[in-house]
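Hi,

Here is the structure I promised to pass on. Have it open while you read, and my notes on what turned up follow just below.

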Amino acid sequence: MKGVLRILGRRVLAAASLATLVGVSDALSSETSCVYEAGSERLLITATVLAPDGPIVGGRVLIGADGAISCVGAACGTGAEDVSRLDCGELVLSPGFINAHDHIDYAGIPPIPDSGERFAHRHEWRRGFNGRTRLETFGPDLNPLTIGWGELRFLVGGTTSIVGEAMAPGLTRNLDFADGLDGLEARPVTYDVFPLDDIEGPLLTKTCDYGRNPVTPKGVEDAGAYLAHLSEGVDDAAANEFRCSSSSSYDEEPRPEGGGVSSDWISPSATLIHAIALGAADFNLVAARGASIVWSPRSNLALYGGTLEVLEAKRRGVNIALGSDWLPSGSMNLNRELVCAQSYNTEELGGALTSRDLWEMVTVNAAKATHTDAMIGTIAVGRVADLALFRPAGSDPYDAAVMSDPRSTTLVLKGGQILFGDEALVSDIREDCEAISVAGAPKALCPEQGRPAAGDFFEFAAQRDFYPLAFAGPPKDEPPCELANLIETTDTN
């Protein structure tokens, strides 16, 4: 909270004036304001607080100089003079979003144009199996500026942590890298794209004759938090992957040279990414074992025409997080993934999921799935102050978070340090931040040790003609988020 000492006096900033200035959407036109007053390294935020037991209107959150939350409630900081104050009236304070699944090393690849073709299994679009179109004709880009541009796409929408397969210094926490945790006292997540060692893509329905080095129960247990792609598809070959990962006696024909034997590794350490082919009995097993699932509806619907039976999984007690997957077939940020989840909920689930359900998928549930729930994901005493402040939207306080976008994201803090927000607001809090434009809205990005300057990101992105940070409306060429007819395939044993 060192930046708090640089607050310059006291100022009222009306969001309505910003809306008029940049011509932004109705979501930004609510007359809300923040009042700042300089004090000590401790920061007291007043807003509608999305606390574990429900919203606290006029709630207060006190952040210590160590970046941890020391008080949550209506009476925090009453009478205290040795604090800096941030009174944001009707704005909504949420834990920073946690993106439980992305491939950030593909942040430079724009969305794949939708041809209408849908697939039954990921190896069809990866490898061109069963006569299908091979979509993955590109590779990862590990340039730190590319990855950083991708992380910035998430940060400007209120995401403070990701599991992304790659990392760059600063910006979001990278939960799958020890040097990307940014001081978080957690074990890094183990992130596995091919837990069955099936990168070459065998499509099996009656055996477990995958690669020679599939993950083992001990490997999962030793990982602490093990996030792995499994059953990504809608056919029996996808369902077979779960059978081979949840039974020690399934395989009838193991290879004589070893390998090919099913391995029961579904456990509290495991989080399954996608899991589209799972059914009711499978969800019962996942819930009983204390494992989690990451749901990526946009990418699932764009590639397979279907997605996780999310209501069935929820009814049976499975912890469900949300993830954006990657830019080529998924969402450009977690805000757009929430838009897809809302749309799917309305069109296909009869609105059975509430705004709070969806909000939990990017906060507390995602923290549980990554085994970081003792540190982040909730606004509670002792938790790290990874926070996002949103303008109100809808009739439910949770709508402010679920319906948010980068332009309605007023402030983002990581470990109590202000990293991003409205330019006029941030400039009163920190003197060293750079003005940037996010879909036409005046924002500011604050520096971090080891991270390139904002100008370096923008110059690099312009040179490479990268997909933008954000859009004022629906993103260009955004992959579809709707059910579609499935193709016929021939199972291969």
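**Aromatic rings**

Tyr 106, Trp 125, Phe 138 and Trp 326 come together as one aromatic cluster. Please keep in mind that this is a predicted model.

Across the whole structure, a search turns up 11 aromatic pairs. One of them is Phe 138 with Trp 326, a tilted pair whose centres are 5.7 Å apart and whose planes make 55°. Phe 138 sits in the loop between α2 and α3, while Trp 326 sits in the loop between β14 and α9, so you are looking at a link between distant parts of the chain, 188 residues apart. Trp 326 has a relative accessibility of 6%, and therefore counts as buried.

A second pair to look at is Tyr 226 with Trp 265: with ring centres 5.5 Å apart and planes at 85°, this pair is edge-to-face. Because Tyr 226 belongs to strand β11 and Trp 265 to the loop between α5 and β12, the pair ties together parts 39 residues apart in sequence. How much of the two partners is accessible? Tyr 226 is buried at 2% relative accessible area, and Trp 265 is buried at 1%.

**A sheet and its helices**

Next, find the open sheet of 3 strands, ordered β7-β8-β9 and paired in parallel. Its edge strands are β7 (97-99) and β9 (173-174), each of which pairs on one side only. Strand β8 (residues 159-162) runs parallel to β9 and is joined to it by 2 bridges. In that region, Ile 162 stands opposite Asn 174 of β9.

Which helices meet this sheet? Helix α3 (residues 144-155) packs on it and touches β7, β8 and β9, with a direction about 130° from that of β8. Helix α9 (residues 334-348) lies across β7 and β8, and runs at about 85° to β7.

**Where α3 meets α14**

Helix α3 has another partner in helix α14 (residues 454-464): the two pack at an angle of about 105°, and their axes are 10 Å apart. Angles of 65 to 115 degrees count as roughly perpendicular, and α3 and α14 therefore fall into that class.

If you would like to display the contact, these are the residues to pick. From α3, choose Pro 144, Leu 145, Thr 146, Gly 148, Trp 149 and Leu 152. From α14, choose Asp 456, Phe 457, Phe 458, Phe 460, Ala 461 and Arg 464. By type, the residues of this contact between α3 and α14 are 8 nonpolar, 2 polar and 2 charged.

**A covered helix**

How many residues of helix α7 (residues 297-304) are buried? The count is 8 of its 8, and the helix is mostly covered. The buried residues in α7 are Pro 297, Arg 298, Ser 299, Asn 300, Leu 301, Ala 302, Leu 303 and Tyr 304. Their cover includes α2, β12 (270-274), β13 (292-295), β14 (319-322) and α9. After α7 comes Gly 305, with a positive phi near 75°.

**Some loop residues**

Two residues other than glycine also have a positive phi. For Asn 130 the value is near 60°, and for Ser 231 it is about 55°. Asn 130 is in the loop between α2 (122-127) and α3, whereas Ser 231 is in the loop between β11 (226-230) and α5 (236-245).

Are these two buried or partly exposed? Asn 130 has 30% relative accessibility and so counts as partly exposed. Ser 231 has 0% and so counts as buried.

Finally, have a look at Ala 38, in the loop between β2 (33-37) and β3 (43-51). Ala 38 is partly exposed, with a relative accessible area of 37%. Its C-alpha atom is separated by 6.6 Å from that of Arg 85, although the two residues are 47 apart along the chain.

Happy browsing, and best wishes!

Note on methods. Residues are numbered from 1 along each chain as its sequence is written. This is a predicted model: local features need pLDDT of at least 70, side-chain atom pairs count only at pLDDT 80 or more; totals for chains, interfaces and linings use all residues. Side-chain values use heavy atoms; hydrogens and water are left out. Two strands pair if DSSP finds at least two bridges between them. Helices (H or I, at least four residues) and strands (E, at least two) are DSSP runs, numbered from the N terminus. Contact means heavy atoms within 4.5 Å. Axes are lines fitted to C-alpha atoms, for helices over the stretch in contact, and angles run from 0 to 180 degrees between N-to-C directions. Buried means under 20% relative accessible area, exposed over 50%, partly exposed in between (1.4 Å probe, protein chains only). Angles under 35 degrees count as roughly parallel, over 145 as roughly antiparallel, 65 to 115 as roughly perpendicular and the rest as oblique. Ala, Val, Leu, Ile, Met, Phe, Trp, Tyr, Cys and Pro count as nonpolar, Asp, Glu, Lys and Arg as charged, and the others, Gly among them, as polar. Rings of Phe, Tyr and Trp (its six-membered ring) pair if their centres lie within 6.5 Å; planes under 30 degrees apart count as stacked, over 60 as edge-to-face and the rest as tilted.
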